[in-house]
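Let's take a walk through this fold, starting with how the strands line up and finishing at the ligand. Have the model open and follow along.

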Amino acid sequence: MNISVIGAGYVGLVTGTCLAEIGHHVICLDANREKVDMLKNGHSPIYEPGLERLLQKNAGSGHLSFTTDYQVACDKAEVIIIAVGTPSRPDGSADLSALQDVAEKIGSHIRKNGTIVVTKSTVPVGTNRKVKSWLEAHSSPARRFMIASNPEFLREGSAIHDTFNGDRIVIGTEDDDTARKLEEMVAPFEVPILHTSIESAEMIKYSSNAFLATKISFINEIANLCEKLGANVEDVAKGMGMDNRIGPSFLQAGIGYGGSCFPKDTNALVQIAGEIEHEFDLLEAVIHVNAKQQVKLVQKAKEVVKDLKGKRAGMLGLSFKPNTDDIREAASLEMIKQLLEEGAEVTVYDPVARENAKSILGSKVTFADNCFDAIEDQDMLFIATEWEEFKVLRLKTISRLMKTPIVFDGRNCFSLEEAKSTTIDYYSIGRPPVLHSTLKTPHSK
Ligand code: NAD
């Protein structure tokens with residue numbers, strides 16, 4: 001099949017590359033010429049494990065190419081997949097301007113009937129209908145388009161794996177022919193397919209993300225209770241997760257969710273509900289809990305160290321989760337903001353998110369070249385992302401390098417047993433602190 005993907009970001013580039021890998025001829029279009037030039041030279045503009053190798057392979061075999069030219073992308077395409085960003089507006093609603101721009105351009109460039117235009121971007125219910133009207137408004141009156149909603153569920157950091165091993169592919173269409181054609185397109189992935197109406201497909205995406213965000217905020221609130229009641233949230237989560245009705249995933253307590261999806265999509269769903277005069281109290285609480293959780297360890301540091309002014313704070317991890325360079329809405333950024341406001345001197349290290357972070361933080365923080373430089377001589381250390389590289393560090397090494405061995409671990413990277421075997425004052429999430437300056441916690445195992 002000839003397929004074009006518009007928007008070569010985390011979703012579009014992975015989708016296009018994987019569709020090429022299963023035998024389709026794919027053209028990826030992006031408005032960003034620099035990005036397209038990089039791709040033409042075989043380099044991925046984003047960090048995603050396995051992506052660069054796969055895109056080089058498929059570009060080499062002639063199955064995958066890149067362009068900024070809509071005519072090139074529209075001429076042969078049987079299916080056009082839109083995967084541009086739908087970021088939050090200041091009021092939380094989804095900004096659909098890039099999507100509208102793309103739909104209008106597709107409308108004015110398509111020369112044949114029956115092209116299927118698929119929206120993969122996460123969009124509010126009713127948006128696909130708008131896409132159809134934008135397409136039609138910019139094409140000749142005789143032109144016929146088929147539209148479909150095909151929300152994306154991949155996770156950054158394991159996006160290629162997720163595309164080939166997803167739990168489901170949701171295809172929302174107006175007619176059976178379009179559904180069948182799209183089913184054929186994705187059949188080689190061998191992932192279960194759910195056919196729905198367009199509105200239900202749009203709603204499935206928001207509901208799924210809102211539910212996962214709810215699970216995270218729920219376990220984080222339980223973690224906060226555990227800290228006060230002397231329980232260990234890891235044991236609690238394990239016990240909960242053994243119940244099939246609950247399941248073990250998304251029960252890791254930490255400093256909250258971030259990234260380009262959960263914060264944006266939860267806010268958008270609250271907005272969507274508001275527009276139909278429904279107060280989504282549950283989701284509003286989820287968002288509120290997450291905002292508090294992201295800066296929880298800085299608050300803890302203020303209680304412990306009292307005055308942070310002039311104190312040296314190291315931070316390990318900037319990306320919102322491991323195996324990605326994405327720092328959008330990352331807890332690290334909120335923590336850094338507060339630490340700087342308190343007058344701390346912050347040194348940060350991340351294995352791949354450094355360049356993205358530099359464009360936001362500039363010279364406000366010191367960027368260390370390796371994790372040891374971010375630990376050495378610090379008055380306190382924060383762990384914001386659970387990169388494997390940090391988890392294999394030993395707390396004894398950290399203790400030896402630091403000026404004052406106080407660690408605030410936002411991702412529970414180390415066991416309490418290990419913390420007890422060092423001289424570190426170790427604060428984590430939902431587990432009793434291990435204190436050496438004031439001596440051991442009564443509840444530690
Ligand atoms: P992204 O910002 O990484 O990529 C978007 C790309 O679109 C960029 O390369 C940008 O240059 C390009 N673009 C913007 N406007 C354009 C235009 N007018 N014409 C052509 N190209 C244009 O975004 P993303 O993370 O890939 O997300 C895309 C959509 O998928 C969003 O709606 C998001 O909510 C959804 N989604 C993202 C993820 C994820 O993990 N990132 C997962 C599921 C769904």
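**From strands to ligand**

Strand 2, residues 25–29, runs parallel to strand 3, and the two are joined by four bridges. To find the register, look for Val26, which sits opposite Leu64 of strand 3. Keep in mind that this is a predicted model.

Now zoom out from that pair. The two strands belong to an open sheet of eight strands, ordered 3-2-1-4-5-6-7-8, in which the pairing is mixed. Strand 3 (64–67) and strand 8 (193–196) are the edges, each pairing on one side only. Ignoring direction, neighbouring strands here are turned against each other by 25 degrees on average.

Next, the helices on this sheet. Helix 1, residues 10–21, packs on the sheet and touches strand 1 (2–6), strand 2, strand 3 and strand 4 (79–82). Its direction makes about 165 degrees with that of strand 2. Helix 5 (residues 97–109) lies across strand 1, strand 4, strand 5 (115–119) and strand 6 (145–149), and it runs at about 160 degrees to strand 4. Remember these two helices for later.

Further along the chain there's another open sheet, this one made of six strands in the order 11-10-9-12-13-14, with parallel pairing. Its edges are strand 11 (366–367) and strand 14 (425–427), each of which pairs on one side only. Inside it, strand 9 (residues 312–316) and strand 12 (residues 380–383) pair in parallel over four bridges, with Leu316 standing opposite Ile383 of strand 12. Helix 13 (residues 296–305) packs on this sheet against strand 12, strand 13 (406–409) and strand 14, its direction making about 160 degrees with that of strand 13. Helix 14 (residues 331–341) packs there too, touching strand 9, strand 10 (345–349) and strand 12, at about 175 degrees to strand 9.

So what surrounds the ligand? There are 29 residues around the ligand, and Asp30, Lys35, Thr86, Glu156 and Lys264 come nearest. By class, the shell has 13 nonpolar, eight polar and eight charged residues. Polar contacts involve nitrogen atoms of the ligand: one is 2.7 Å from an N or O atom in the side chain of Asp101, one is 3.2 Å from a polar backbone atom of Ala31, and one is 3.3 Å from a polar side-chain atom of Ser260. On its own the ligand has 830 Å² of accessible area, and the protein covers 87% of that.

Here the two helices come back: helix 1 and helix 5 are the elements that give two or more residues to the shell. Helix 5 gives the most, with three residues.

Technical notes. Residues numbered from 1 in each chain as written. Predicted model: local features only at pLDDT ≥ 70, side-chain atom pairs only at ≥ 80, totals over all residues. Heavy atoms only, no water. Pairing = 2+ DSSP bridges. Axes fitted to C-alpha atoms, helices over the stretch in contact; angles between N-to-C directions. Contact = heavy atoms within 4.5 Å. Near = heavy atom within 4 Å. Polar contact = N/O pair within 3.5 Å; in protein donor to acceptor, adjacent residues only side chain to side chain. Areas by Shrake-Rupley, 256 points an atom, 1.4 Å probe, with all protein chains shown as cover. Nonpolar A, V, L, I, M, F, W, Y, C, P; charged D, E, K, R; others polar.
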